[in-house]
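Please look over the sequence and the model shown here before reading the explanation beneath them.

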Number of protein chains: 2
Amino acid sequence: MGTTQLESVPEPKYWHLKTVLTDALDSEFAVGEILPNERELAARFGVARATLRQALEQLELEGRLQRRRGVGTTVAPPRVGVAVGDTGQTWPGTETWEPVDSEAAAPPTAVARLLDTVPGELAHTVRRIRRSHGQAVAAELLYVPARSVPGLTGIDAPTGPARARLVLRELQRLPLEGQDQSVELGSARADDAKELDRLPGAPVLLVTTRYIVAGRTAAVAVATYRADTCRLTFGDAGMQLLAG
Amino acid sequence: MGTTQLESVPEPKYWHLKTVLTDALDSEFAVGEILPNERELAARFGVARATLRQALEQLELEGRLQRRRGVGTTVAPPRVGVAVGDTGQTWPGTETWEPVDSEAAAPPTAVARLLDTVPGELAHTVRRIRRSHGQAVAAELLYVPARSVPGLTGIDAPTGPARARLVLRELQRLPLEGQDQSVELGSARADDAKELDRLPGAPVLLVTTRYIVAGRTAAVAVATYRADTCRLTFGDAGMQLLAG
DNA sequence: CAGTGGTCTAGACCACGTC
DNA sequence: ACGTGGTCTAGACCACTGT
């Protein structure tokens, strides 16, 4: 960079490093290429490894790098656009989401509030995975209160995907009126992290969807998207790719 | 916590610390309360300050804490829900967004691609701030290509908010057909960080909106929302609050 | 096994807000 | 001036992935 900005407000080293690396990534590296290891890079830039890591962390957060323990640091492909909004009046994703299993469990209190159930009340809890180009991009927990699927009261206890599909089939019978969504930043719980092939605590985008049937909340889904690789799209059509 | 889990897969200290602190925040602290300082907390938990900081960082990312240099660490209020989608066929926010200024500038190449202009071509670039309860929650750059506002060719060069309002008024004359949006994780540029009262590099949610008029992209907005304090809402109505 | 990134330590100094 | 969080260092060891 040409910014020799008089140091009146000295730029942190890791910040400057980040811009240097960003430029290098743009000009000298191809997607998938492996960078030199952290000790080498730190030495080359004359900083401590912790400082170098601070810069790498930000670049990973921005989706420019991908780091894997035991392997190395590679240049990440541009983020994938995944459609999350605008499914309109149809229940989402028999193709996009892959059922994993289902059980009766008490939803977190925040979800119970949305479902308008009493805390501690059980709900069918369906676990699903969303894949894109073979990679898992999101893990979801879909909470369906018993009142929404009365046909399932005396469930014959199949397990795994079969049971999940059973709940979903019952749910999809209902006439969906609309949905609410919200997006916020979070960190991956241990189980989600495992399925998304990330470390616990990795930054994720939490998408909470409230499905409305007959004026009430019939189900709530909390989906955990990998923040490093995903760009969530809402609206008419998938947007073209962005970068930087 | 009671998890004395055999250490077969030893939990990182900062992760365990985080859960301990989370529980403490839920039970023993009120919103706005000031925590003991980092050196004290680190000593109390018997870890190095860097390790303690790793836990605090995650909690800040999740919107549970707010840290300010020279002041201290406080317990954050629940995230604010801010409506970003579903403005329908109306141009957004004469009330929510406060115009700051405007100039003719070449948009970043990613934006130029969306606008379908040649790279380097100038566009009216309007800067706006969005406030919620007095706090700045988002900074936006709205790019309007000259072709969208032909009435503004020989602009008489007012400056600041006046000029911004001029461009907006002209834009809002157009019949809006629809919009596309995408959300991704980013880190705050220095100028945005300043207006959002955060440090450069702070985690933000980047919302890119494409405004469609007569089948074309009439304008593109890139809004930078504080990821720590905001929950973006899409759809029918603002969702009730969530926590955890 | 060697090499990678992930965690952790015990210090130091700096920038900022408040008093 | 003082106390806060922010940056930075130079080490150490651990967990994971590949060969």
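The paragraphs below go from the two protein chains to the two DNA strands and then to a contact between the chains.

This is a predicted model, in which local features need pLDDT of at least 70, side-chain atom pairs count only at pLDDT 80 or more, and totals for chains, interfaces and linings use all residues. Residues are numbered from 1 along each chain as its sequence is written, chains are lettered from A and ligands numbered from 1 in the order in which they are written, and side-chain values use heavy atoms, with hydrogens and water left out.

A useful starting point is the relation between the two protein chains. Chain A can be laid on chain B by a turn of 180° with a shift of 0.0 Å along the axis, giving an RMSD of 0.0 Å, where the superposition is by least squares on the C-alpha atoms of residues with pLDDT of at least 70 in both copies. The two copies are therefore related as by a two-fold rotation axis. The same surface serves both of them, since 100% of the contact residues of chain A recur in chain B, contact here meaning heavy atoms within 4.5 Å.

For chain A, an unreviewed UniProt entry lists residues 11-78 as "domain: HTH gntR-type", and such annotations may be inferred rather than shown by experiment. Over residues 11-78 the chain is 54% helix and 12% strand, and the end C-alpha atoms are 28 Å apart; helices (H or I, at least four residues) and strands (E, at least two) are DSSP runs, numbered from the N terminus.

Turning to DNA strand C, 27 residues lie around this strand, and N37(A), R49(A), R53(A), K13(B) and T51(B) come nearest, a residue being near if one of its heavy atoms lies within 4 Å. Polar contacts, which are pairs of N or O atoms within 3.5 Å, reach both bases and backbone. A polar side-chain atom of R39(A) lies 3.1 Å from a base nitrogen of DNA strand C, a polar side-chain atom of R49(A) lies 2.7 Å from a base nitrogen of that strand, and R53(A) places a polar side-chain atom 2.7 Å from a phosphate oxygen. The elements giving two or more residues to this surface are α2 (38-45), α3, β1 (65-68) and β2 (72-75) of chain A, together with α1 (13-28) and α3 of chain B. The largest share, four residues, comes from α3(B).

Around DNA strand D there are also 27 residues, of which K13(A), T51(A), N37(B), R49(B) and R53(B) come nearest. Of the atoms of DNA strand D within 4 Å of the protein, 67% belong to sugar or phosphate and the rest to bases. R49(B) has a polar side-chain atom 2.8 Å from a base nitrogen of this strand, whereas a side-chain N or O atom of T73(B) is 3.1 Å from a phosphate oxygen and one of R67(B) is 3.4 Å from a phosphate oxygen. Here the largest share of the surface, four residues, comes from α3(A).

Finally, there are 40 salt bridges over all chains, a salt bridge being a side-chain nitrogen of Lys or Arg within 4 Å of a carboxyl oxygen of Asp or Glu. In one of them, the side chains of R79(B) and E184(A) meet at 2.7 Å, N to O. This pair crosses between chains, from R79(B) in the loop between β2 and β3 (80-83) of chain B to E184(A) in strand β7 (residues 178-187) of chain A.

Key
A polar contact is a pair of N or O atoms within 3.5 Å; within protein, one must be able to donate a hydrogen and the other to accept it, and residues adjacent in sequence count only if both atoms are side-chain atoms.
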